[in-house]
Structure formats: structure tokens, C-alpha cells
Amino acid sequence: MVSLQAAVESAAPVSRLHERASFDPADFPVPGGREEEWRFTPLRRLRRLHADGPLDAGKAGVEADAGPEITVVAAEHGDPRLGTAFVPADRVSARAFASFREATIVTIPGGVAAERPVVIRVRGEDAGQAAAGHVLVEAGANSSAVVVLEHAGSATYADNVEFLVGDGARLDVVSVQDWARDAVHLSHHHAVLGKDATFTHMAVTLGGDLVRLAPSVRYAGPGGNAELRGIYFADSGQHLEHRLFVDHARPDCRSRVTYKGALRGDGAHTVWIGDVVIRPEATGTDTYEANRNLVLTDGARADSVPNLEILTGEVVRAGHASASGRLEDEHLFYLTARGIPVEEARRLIIRGFFAELIGQIAADQVRAKVTAAIEAELDAMARAEGGAR
Amino acid sequence: MSTLEIRGLHVSVAAQAGESREILRGVDLTVTAGQTHAIMGPNGSGKSTLAYSIAGHPKYRVTSGSVTLDGRDVLAMSVDERARAGLFLAMQYPVEVPGVTVSNFLRTAVTAVRGEAPKLREFVREMNGAMAALSIDPSFAQRNLNEGFSGGEKKRHEILQLQMLNPKIAILDETDSGLDIDALKVVSAGINAYRQSPDHGVLLITHYTRILRYVRPDFVHVFVGGRIVAEGGPELADELEASGYERFLAMEGAPA
């Protein structure tokens, strides 16, 4: 737990990271790499998405599949519904909003319970040309729905996804980054929760050369409940970065952040940043964030930085945990002492490490797919070790 | 008939600053199928080190001596090979393994030890039967291994594994510690059921004589200062019950 006293003495967040906001990309200088929000990201691998490379030449097809009770429409730039859940807080987000050609708007009408998951597929066709995208999911008051975002193929892609979760609504989002190995994806997910709304967000990041996903949550009324979860598995050379931001500015809201990752191979790099701010007016806040990383081989690196800023003394709970380490020798000993070969024991432990989070994935078919993807990672691991021996 | 033979076993652990500390100082012991041996000794005498060294825990380094099972060199085997060769260690502090269910773990271990996967239906029937005999609630099959189990529940699960894996020689490290009298009876009955077979041998490591009322040893060895200082039949346990370890503590360091 964090000592409250020091934090309570100042009324504004010490961190200014999320305070700067503008729709004009020119308001954000081109990052040089030393800035707090960019220092973990290898800028030279961003293909100038963060600078001034063109964002309108590439192609990334967006398709949506939804039940008849759900409305899916394409929207032009300038549609007043777009850009209400957020104001860009960095240059890439602002550039993506300025550059997308067509947005997808998904509307779940008030009071409607979607019968099957809404699936939005983003398919990249060429990593050589950069593209920008935009999706808005509007969940009406007291509605409930599962939305799956699937990213696949080769792309250099920057996008914003907005989630407007109405009063009393429940929205479960699963975002799967299963890109081809050459993809670069910089993404911002912005959720705004109405009074007593529930929002769950599961990021599953497996593919790509570099993925940087920044999910954020704001509360528009009291009683909101956000569960942000993530699973990632980085192989040799992959950079997978997740930057969470939960802004508690209303009373009696709850947030839970749970991210787990595994890394193996030379140059596998994961970054997890968990920023949680509890503003003076957010009394009765209940928040906990945790990140765990399994570093399976030498040469892999996991950065994990929880930041919890508490500006009121009247919280229910505010805590964080972060741990990165190897597989535990005692776990391996216990399983191998029962005759289980060491490779299989490792698989059991790694599967077990992810099991709880996978069990919480809202959509059955995605759960099966993620399970299969983790198994494929474990097979690749076994092959790599077999070859090394 | 299986025989576990320990000869002149010396074992060290890494201490601070690259130094190592010798824990076992020449252990000689033979456990044959059809026998129950009890090793009794005060805390810190090295009883658990003996158990973990035989199982192959990486923390312990064998500096000299030999361990064989039916003539095969146990010390040359990996941890999982020792288990598949027919050795079993019931641990004093079974670890919690998140996300791995009891049923999945048991099936994987049984498959490894038997060399082929049991049919699911038969496996479930076998597991449920063994769990019922140990008064383990069926819901435990779907719980994560040892996670949130009480001390007594963990020990029952060690005996459940013993019965499912059916080793030649079982080493039970303080299986009686932390058990109330009811759990002790259930666990002892489980050990006796296993030991009933003439093909099975038991090496029971304990600090107290309490469990020996339920699991009757054929041989009792008193362990002090990293080696066996006295041997006898069940009457030796009765003496320890009456007089404690004091007489034997003086024997530490004396030639055996």
C-alpha cells in the first residue's frame, strides 16, 4: 500500500502525462525517445508513425459482423459522434484521428442484450504503407454486449477505438493483436463509463514486430466498474507494450487491472505501464493493479512500472503489485518429482500462469483461439529448445 | 523385490559467500520392498535433506556415496527419471501451483509414470475412488494444485499421489506434521493400504512417535548430526517416546 499523506498534500496529479490533450498533431512535438511516455519504445522501429510519415497510403480492411439488433455504419471524418470519448494525449493518437479515411460506428441500442458477440476484423494487407483507423462502440443505457476486435495480417497501423458505455450498461471487449510478424501497431483505446456501467477489456497481444496498446478508462458518473486484463507472449525480437491509464475522477468507482506476460528469446521485450490516478473528488475509489511476467530465457526483458497517484485519503482500496521472474524452481521440482518430464512441467506451469485470465475471456470462440495461440507459443518454445540442445 | 540402497552418502548445501555446508555425513541405509523403516531425529538433524537428496532436489549436492534402486544409479538420473524409476517423495511442504488443476496434474503424472495415458473414464473412476478413500471432497479435482489447501488437505493429496503413482519405494517426509488426529488416521490408513503390497517399501521420516502408533515400522533408525547413530526395531521408538533424543544427542560426531 502507498502512504497517502504525501500524495494528499498536493491537489493535482504529479504526473502530467495524461494532462496534455489536443486534436492537433502539431501540438505534440515529435518525440525524441527521452520523454517519459516514449522512453521504453524503440522509435526507429515505428516507421515514422510518431513523426510525420504519411498515414493515408496504406490499406487495412475493416469488417464487422453483428446480430440484427446491432447497428454498424461507416462514418466520414467530421461526424459529430466521433471524438467524444477522448482528446488525443499523444502525437500518434492525434495523427491517427486526423488521418483515418473512414470510421466504423457500432451502436448497441439502449436496453438491448446482444445475442452474439460483435466481431470487428482489421486485416492488414501491406506493412510497407502506413494506415490509420477509427472505431466507435456506443453501448446504450442498460444494454449488454460482447465486442471482439481482431487484428491480423501485415500492417503499419495507428488507430483510436472509442467505447462509450452508457449508464447501467455492460460492455465486454476482447482485443486480439495476432498480427503477422512484420506488423507495427500503435493503438489507443478510450473508454468512458456512465453511472453504474461495467466495462471489461481484455488485450491479447501475440503477434507483430512492435505493438503498443494504450487502453484508458474515464468515469462519467459514480458506480462505474472497469476490469482491464491482458495476456501477452513475446518471442525473439518482439516489442509488446501496454500502457494502462485509469482516471478516477468520480466517487465510488472501481477498477482492476491484471496483466500477465511471458517472454522468451533474444530481444523479446515487453513493457507494462499502469497509471492510476485517484483525484480529490474520487472518494470511495476501489482500485488494484497487478502485472506479472514470466521471463523464460536469457536475453528477454520485461519492464513493469505501476504508478498509483492518490489525491484523496478517502479510498476503499488502492494498491498495486508487480513481479517479473523466472519459472519457480520449487514448482518445477514438485512436478518433475512426480515423473513429469521437465519440458512438460514447464508447459503446465506456463499454461497455469495464464489459465485464470483466459478463463475470463468473454467470448467462447476467442477463448479457444487464445488457448490455441498459447499452445502454439509453447510448441515453438519446445522446438527452439530442442534445437538448442 | 525392489531395494533402495544408500551407501556412505555425504551431501552439502550452498551456504553464504560460495561456502558450502555439509549436512549428511555418511548415511548407510537399505530399504527393501515389504519393509517399513522409520527415521527419527531431532530438528536440524538432516532427515529432510536425506529425503530431498534421494529425490534429486537441485539445492543439495552429493559429494560422495551412492544411491541405487535395484542396482540402478539413482544419482545419475534427473528428478523425473527417479520418479519414473519408482521413487516417490511425499513432501513436508507441498507447493501451490497456480492454474494447474489437481485432476490435470494427476493425469499428466500418471501418464508419465505409467508410460501411457490412461483412458479418461477409467482415470476419473480411479481418482474418485482414491479421493473417497482419503475423505477428499470430489470438488478438489478441479481446484488448483495445493492452492488454498489446509495443511491436512495438502498431506492427504500427497498420499493420493502416492496411491495413484504406485511407486516401488515411498519416502514420506514428516507427512504427520500439522495433522489433527482424524486426518492422521486417514493418512495412516492410506499409507498402510499402499504398504500392504509386498512389492512396496516405505521410508517414513518423522520427528514424533505419534504416527508410529498407526503405521507400525519394522525398523527404526535414529538420525543425529547427519547420520544414523542407532538402529533397532519398534522398541526403539518406544524408548524415544519415553526418554526423548537426549541419550542420542551425545552420539553426534562419535564414530558410528
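**Notes on two backbone oddities and a cavity**

1. Let's start with D70(B), which sits in the loop between β4 (60-69) and β5 (72-73) of chain B. Bear in mind that this is a predicted model. The phi of D70(B) comes out near 50 degrees, a positive value in a residue other than glycine. As for its surroundings, D70(B) has 37% relative accessibility and so counts as partly exposed, since that label covers values between 20% and 50%.

2. Chain A has a case to look at too. R47(A) has a phi near 55 degrees, again positive and again in a residue other than glycine. You'll find R47(A) in the loop between α1 (4-9) and β1 (60-65) of chain A. With a relative accessible area of 35%, R47(A) is partly exposed.

3. On to the voids. Searching the whole structure turns up 4 cavities of 30 Å³ or more. The largest cavity holds about 70 Å³ of space.

4. What lines that largest cavity? From chain A there is A337(A), and from chain B there are I54(B), A55(B), V79(B), R82(B), A83(B), L87(B), F88(B), L89(B) and I171(B). Going by elements, α1 (47-55), α2 (79-85) and β6 (87-90) of chain B each give two or more residues to the lining.

5. How does the lining of the largest cavity divide into nonpolar, polar and charged residues? The split is 9 nonpolar, no polar and 1 charged. R82(B) is among the lining residues, and Arg counts as charged, so R82(B) is the charged one in that tally.

Note on methods
Residues are numbered from 1 along each chain as its sequence is written. Chains are lettered from A and ligands numbered from 1 in the order in which they are written. This is a predicted model: local features need pLDDT of at least 70, side-chain atom pairs count only at pLDDT 80 or more; totals for chains, interfaces and linings use all residues. Side-chain values use heavy atoms; hydrogens and water are left out. On a 1 Å grid over the protein atoms alone, a cavity is a set of points where a 1.4 Å probe fits but cannot get out, and a pocket is an open set with protein on both sides within 12 Å along at least five of seven lines; lining residues have an atom within 4 Å of a point. Grid points are joined across faces, edges and corners, and a volume is the space filled by probe spheres set on the points. Helices (H or I, at least four residues) and strands (E, at least two) are DSSP runs, numbered from the N terminus. Buried means under 20% relative accessible area, exposed over 50%, partly exposed in between (1.4 Å probe, protein chains only).
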